[in-house]
Amino acid sequence: MKKLILALAMGALAVTASAQNKELKVAIDPTYEPFTFKTADGKPTGFDVDIASAVCENLKRKCVFVEQVWDSMIPGLQAKKYDVIISSMSITADRQKVVDFTDKYYNTPSKIIIKNDIKFDGVASLKGKKIGVLKGSTQEKYANGELKKVGVTVTPYEAQDQVYLDIKSGRLDGTVADVLEVTGGFLSKPEGKDYVLVGPELFIPKYFGTGAGFAIRKGLPELKKELNDAIKAIRANGTYKKINDKYFKIDVYGG
Amino acid sequence: MDWEVIFRPESLALYGEGLMTTLWLLVSSLVIGGILAVLFALALTGPWKWLQRIVGAYTFVIRGTPLLIQIYMIYYGLGQLEWIQARWDDVWPWTHFKDPAFCALLAFSLNTAGYTAEMLAGAIRETHAGEIESAQAFGMSRLQVMLRIVLPSAMRRTLPPYSNEVVMMLHSTSLASAVPGMLDVTAAASRIYSDFYLPFEAYLAAAAIYLCATFCLIALFKLAERHFLAHLAPRRH
Amino acid sequence: MSDYYWSILNGALLTVGVSLAALAVSIALGLLGAAAKLSGNQPLVALATVYTTIIRGIPELVLMLLVFYGGSIGINNLLEMSGTGITLDIEPFSAGVLTLGFIYGAYMTETFRGAILSIPRGQFEAAAAFGMGPVQAFLRITLPQMVRYALPGFTNNWLVLIKATALISLIGLQEMTYLAKQASAATRSPFAFFLFTAALFLLYTWVSLRALRWLHARYSLGTQRAEL
């Protein structure tokens, strides 16, 4: 009986010897259309996924996509569940304390999105409104830092598309989100037609950092160099532009 | 292991807030669910077959589907229905469906009502026939028989399995963390985990809180059993 | 849209797989625990009691999060210290099976213990008188009779276990509940998908109840039931 249990236990624990030269485990949060999302039959797709695949091709390694809830992204990386996070993670000072980032692979601003029948006149005019944000995101930090103090109710959600679900049903008045993400994932869909982007483009580094990069564990300088070289390579050989144009009308690399 | 973070005042305050939410959810859902359970149990053991079938179907669905799905159904599913969306800004009962706390409470109450109703119905059915017959011989109406004889003894007999149900409900409140905006003990632990990257410490602290609460509940029920089921206790002298 | 439904059906297969695997682990642990509690060996009894008390005092979700997030980091720290290059990744399936098996092993311990205690003492004595060894006695005498007494509690534990598999969605296993949640958020139509998933759970419950009822009837052959 004991041997049976031991055998069951050993069989159940998937021993993944980290084969550094074959697979690259990439974490994604596939609820972030059009950067990272899934088609109806469950295939990951989107800007981040395509960039990751291009980088893997450049590095001659096989990309294995691992889904992860957004606010457990960094803890999962530290628990070695995957090797790199390529899921629109912004490079911020706070995050750099615990993980390393490659150079940025795109940089787009965030904005506030609310229903078009609310007169927006600066942040203070949102007093009493309910805003939903992604738990663990830079937008949540911004909302907690700037919107809560003027009387806005900020509710954190597990995934950005659940925010849209509640906006659609009317529980929320709006959200703070990346401009391109909310355009592709919400405003361009039928349920988003009554909502608008308001206010200035939010590029505040204190909250939003300096663009999105790949996150890796600290202490892996070779991997960082490989990934940086790969990013430079795909930008130089036109792959980046092809992927960019597939999803967006503008150049997302930013200044 | 870095326990210093857990014992910081902000972290303890977070757990405290979580505990308050958990206890509020537990007590409220038990009270509402309990009242509903009595009504459902009466329906299940009543004379009207059609009512038995409806309530029976209800308990079958509640006991056959996970609580998590029930929570998602009530929070997201109902929120999607346009009939409700049109009314929940102004019309009174429906305004509550906007509130995540109300949705969580409703889900937990309906869930515990389903389980407790079956328990109570089983206890009612096992009431000694002689007791009912003598009550009827005394000329009591059906309602009087129920209120004076059947329900008190059925409730006493339900006490031991009900203590199990209450402990299960305490553990089920950890699912409130699946509703956006609800901060219970598990959600507090998850927040500390994602802020400080300390899964062991955060979740062990939550486990300790639940363990203490469970022991308190079991002790409370032992006292209740000693009082209400005193007639079944072994001789003490 | 219908692709989403197919993927949820695939997730249903995963649900069945997880629940059966967890059942196997819980039966194994339940038998061990019951044996420990009935052995009369004080340290073993104490160990088994601590196991059942603590496991039944913590919510399944918290235990699952502890095993999944905490367990990986803990094991990897240990492996790092040992100097080998291996990283062990407890992925959601294993974490779910281990946690659920562990938790329901505690409940099965109580069920099996009660069932074994219900077997008349004479049976054990007769088995010993025939010269049967402990394993023989267990397989031929205890186990068949225990099944009949254990079935109600076993059925209950099994039904609760099926529903608990929905919790594994919260640590990222792509079973029915997880896929239903993703599909509902992506298509903004939660009602249909959650209804579908609920129906699948009801189907699973109903099939299990019929199977276990058949098992109960089969193991009750030869027993007398008084007419009420």
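Student: In the predicted model, which residue of E13(A) is the bridge partner of A:Asp100?

Tutor: Happy to start there, with the predicted fold of chain A. E7(A) and strand E13 (residues 212-217) of chain A pair over five bridges, in the antiparallel sense. Within that pairing, the partner of A:Asp100 in E13(A) is A:Ile216.

Student: What is the strand order of the open sheet that holds E7(A) and E13(A)?

Tutor: Five strands make up this open sheet of chain A, and their pairing is mixed. From one strand to the next, the twist averages 30 degrees. Reading across the sheet, the order is E5-E1-E6-E13-E7.

Student: Why is one side of E5(A) and of E7(A) left without a neighbour in the sheet?

Tutor: Look at where the two strands stand: strand E5 (62-67) and strand E7 (99-106) of chain A are at the edges. One side of each has no neighbour in the sheet because each has a single partner strand.

Student: Which helix packs on this sheet and touches E6, E7 and E13 of chain A?

Tutor: The helix spans residues 221-236 of chain A, and strand E6 (84-90) is among the strands it touches. Its direction makes about 0 degrees with that of E7(A). The helix is H9 of chain A.

Student: Chain A has another open sheet, with the order E10-E9-E11-E8-E12. Which are its edge strands?

Tutor: This sheet has five strands with mixed pairing, and its twist averages 30 degrees from one strand to the next. An edge strand here pairs on one side only. That description fits strand E10 (153-157) and strand E12 (195-202) of chain A.

Student: What is the bridge partner of A:Ile131 in E10(A)?

Tutor: Strand E9 (residues 130-134) of chain A is joined to E10(A) by five bridges, and the two strands run parallel. Follow the bridge from A:Ile131 into E10(A) and you reach A:Val154.

Student: At about what angle to E9(A) does helix H5 of chain A run?

Tutor: Helix H5 (residues 138-147) of chain A lies across strand E8 (110-115), E9, E10, strand E11 (174-178) and E12 of chain A. Helix H7 (residues 179-187) of chain A also packs on the sheet, at about 125 degrees to E11(A). For H5(A) against E9(A), the angle is about 145 degrees.

Student: Turning to chain C, are H7(C) and H8(C) roughly parallel or antiparallel?

Tutor: The axes of helix H7 (residues 176-187) and helix H8 (residues 190-219) of chain C come within 8 Å and cross at roughly 165 degrees. The crossing is right-handed. Angles over 145 degrees count as roughly antiparallel, so the two helices are roughly antiparallel.

Student: How many charged residues are in the contact of H7(C) with H8(C)?

Tutor: H7(C) contributes residues including C:Met176 and C:Ala180, while those from H8(C) include C:Phe193 and C:Leu200. By class, the contact has eight nonpolar and three polar residues. The number of charged residues is therefore none.

Student: Which helix gives the largest share of the side of chain B that touches chain C?

Tutor: The contact takes 28 residues from chain B and 29 residues from chain C. Helices H2 (49-64), H3 (67-80), H9 (185-196) and H10 (199-228) of chain B each supply at least two residues of chain B's side. That side has 20 nonpolar, eight polar and no charged residues. The largest share, 10 residues, comes from H10(B).

Student: What ipTM does the model score?

Tutor: For chain C, the mean pLDDT is 87, and 95% of its residues reach 70 or more. The model scores pTM 0.86, and its ipTM is 0.84.

Methods
Residues are numbered from 1 along each chain as its sequence is written. Chains are lettered from A and ligands numbered from 1 in the order in which they are written. This is a predicted model: local features need pLDDT of at least 70, side-chain atom pairs count only at pLDDT 80 or more; totals for chains, interfaces and linings use all residues. Two residues are in contact if their C-beta atoms, placed from the backbone, lie within 7 Å. Helices (H or I, at least four residues) and strands (E, at least two) are DSSP runs, numbered from the N terminus. Ala, Val, Leu, Ile, Met, Phe, Trp, Tyr, Cys and Pro count as nonpolar, Asp, Glu, Lys and Arg as charged, and the others, Gly among them, as polar. pLDDT is the predictor's confidence in each residue, from 0 to 100. Axes are lines fitted to C-alpha atoms, for helices over the stretch in contact, and angles run from 0 to 180 degrees between N-to-C directions. Angles under 35 degrees count as roughly parallel, over 145 as roughly antiparallel, 65 to 115 as roughly perpendicular and the rest as oblique. A crossing is left-handed if the near helix is turned anticlockwise from the far one by less than a right angle, and right-handed if clockwise. Two strands pair if DSSP finds at least two bridges between them.
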